[in-house]
Amino acid sequence: MSTDTYAAAQPLTLEPPETAELGRIAAAVAGTEPRLVDHPDWLRAARRGADAMPARLRQALRQFRRDSGPGGALLLRGFPVEPAALPPTPAVAESVQRAATGPAALLVMTACVLGEPAAFRAEKTGALVQDVVPVPGHEEFQGNAGSVRLSFHNENAFHPHRPDYVLLLCLRADHERTAGLRTAGIREMLPRLDGAVVAALRSPEFVTAPPPSFGAGGGGTEPHPVLSGPEEDPDMRVDLAATAPQTPRAEHALAELGRVFGEEGATVRLAPGELAIVDNRVAAHGRTGFRPRYDGRDRWLQRTFAAADLRRSRAYRPGDGHVLT
């Protein structure tokens with residue numbers, strides 16, 4: 001059964017002095033000219049800020065980078081976020097955070113400890129910090145603008161250089177506190193799958209399409225396996241809403257994987273100041289449904305991707321920047 005204890009994560013709660021120190025560093029980074037998140041000069045300041053973050057936080061992030069644990073997720077509590085000081089929750093499609101703010105600095109600094117921040121030109125105009133908010137008329141959308149149940153997926157599973165980490169910082173919770181981030185790590189789920197299912201998941205019998213957030217057009221992948229790599233610790237590449245099985249056994253295997261994710265995945269209802277990090281190589285994530293009110297106080301997460309080795313995607317990044325084509 002799903003839990004609300006985030007049992008699949010490794011939680012760390014910052015002490016008040018650490019929160020205050022982190023807030024001072026984030027404010028200094030946010031105030032660095034030209035105060036634009038995607039500008040190279042500002043990103044250099046964020047890297048320097050990352051080096052100055054509280055030691056216990058940096059240690060936890062380095063350990064997570066080395067070993068993301070059985071659930072492939074990390075929950076950090078006590079980040080300096082003040083919902084009362086925030087502007088109204090955005091309610092438009094493609095909302096992003098271009099201007100430097102304290103929360104944006106927190107996200108990018110954290111990404112710099114895990115690797116390097118990254119984005120995709122076709123998604124949210126390539127912004128490094130993106131808003132995850134409900135948008136009127138998009139309630140059924142299987143993506144960050146929707147409010148119905150979001151299927152388990154590896155972020156951008158169709159792309160050859162999908163992110164290594166997905167960072168989600170809660171700025172404002174939903175009114176009824178029902179929206180839950182769900183995660184399912186393959187290290188925990190693998191023993192719950194029988195041998196025939198695992199064999200099918202390791203066969204190149206699946207095709208994955210780009211998510212709706214990338215817009216219309218664009219074909220799917222070549223046939224690929226869902227699981228690859230070491231038998232005891234495989235990588236995973238799947239999007240239950242966009243991965244299409246190509247054979248009957250692949251169809252059965254994907255249904256079994258989805259069933260196990262649904263029954264055994266972990267759930268956390270993020271509160272303001274909580275940052276969840278998902279290891280996108282070994283864990284899928286999704287969201288429970290919730291009811292937005294569109295009153296300026298709806299659920300507001302901000303999201304950043306991180307690449308552990310940015311050079312691998314060099315051919316996809318014009319000018320050796322942080323945005324992949």
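How many disulfides does a search of the whole structure find? Zero. Hi everyone, and thanks for coming. Before I go on, please keep in mind that this is a predicted model.

Let me stay with cysteines for a moment. Cys170 is buried, with just 1% relative accessible area. Cys112 is also counted as buried, at 17% relative accessibility, because the cut-off is under 20%.

Now to the helices, starting with helix 1. Helix 1 covers residues 16–30, and helix 2 covers 40–52. How do these two pack? Their axes are 9 Å apart, at an angle of about 165°. Anything over 145 degrees counts as roughly antiparallel, so that is how helix 1 and helix 2 run relative to each other. Their crossing is right-handed. On the helix 1 side, the contact uses Glu21, Ile25, Val29 and Ala30. Helix 2 brings Trp42, Ala45, Ala46, Gly49 and Ala52. Sorted by class, this contact has seven nonpolar residues, one polar and one charged.

The loop between those two helices has something worth a look as well. Pro34 sits in that loop, and the peptide bond joining Glu33 to Pro34 is cis, with omega at about 10°.

Helix 1 has another partner, helix 4, which spans residues 102–114. What is the crossing angle there? It is roughly 100°, and the axes come within 8 Å. That makes helix 1 roughly perpendicular to helix 4. From helix 1, the residues in this contact are Leu22, Ile25, Ala26, Val29 and Ala30. Helix 4 answers with Gly102, Ala105, Leu106 and Met109. By class, we have eight nonpolar residues, one polar and no charged ones. If you have the structure open, try picking out Ile25, Val29 and Ala30: they are listed in the contact with helix 2 and in the contact with helix 4.

Last stop, the backbone in two loops. Which residues other than glycine have a positive phi? One of them is Asn156, with phi near 50°. Asn156 lies in the loop between strand 5 (150–153) and strand 6 (165–172), and its relative accessibility of 2% means that it counts as buried. Tyr294 is not a glycine either, yet its phi is positive, about 55°. You'll find Tyr294 between strand 14 (283–287) and strand 15 (300–307), again in a loop. Is Tyr294 buried or partly exposed? At 30% relative accessibility, Tyr294 counts as partly exposed.

That's my tour, and I'm happy to take questions.

Methods:
Residues numbered from 1 in each chain as written. Predicted model: local features only at pLDDT ≥ 70, side-chain atom pairs only at ≥ 80, totals over all residues. Heavy atoms only, no water. Disulfide = S-S within 2.5 Å. Buried < 20%, exposed > 50% of the residue type's maximum accessible area, 1.4 Å probe, protein only. Helix = DSSP H or I, 4+ residues; strand = E, 2+ residues; numbered from the N terminus. Axes fitted to C-alpha atoms, helices over the stretch in contact; angles between N-to-C directions. Parallel < 35°, antiparallel > 145°, perpendicular 65-115°, else oblique. Contact = heavy atoms within 4.5 Å. Nonpolar A, V, L, I, M, F, W, Y, C, P; charged D, E, K, R; others polar. Left-handed = near helix turned anticlockwise from the far one by under 90°.
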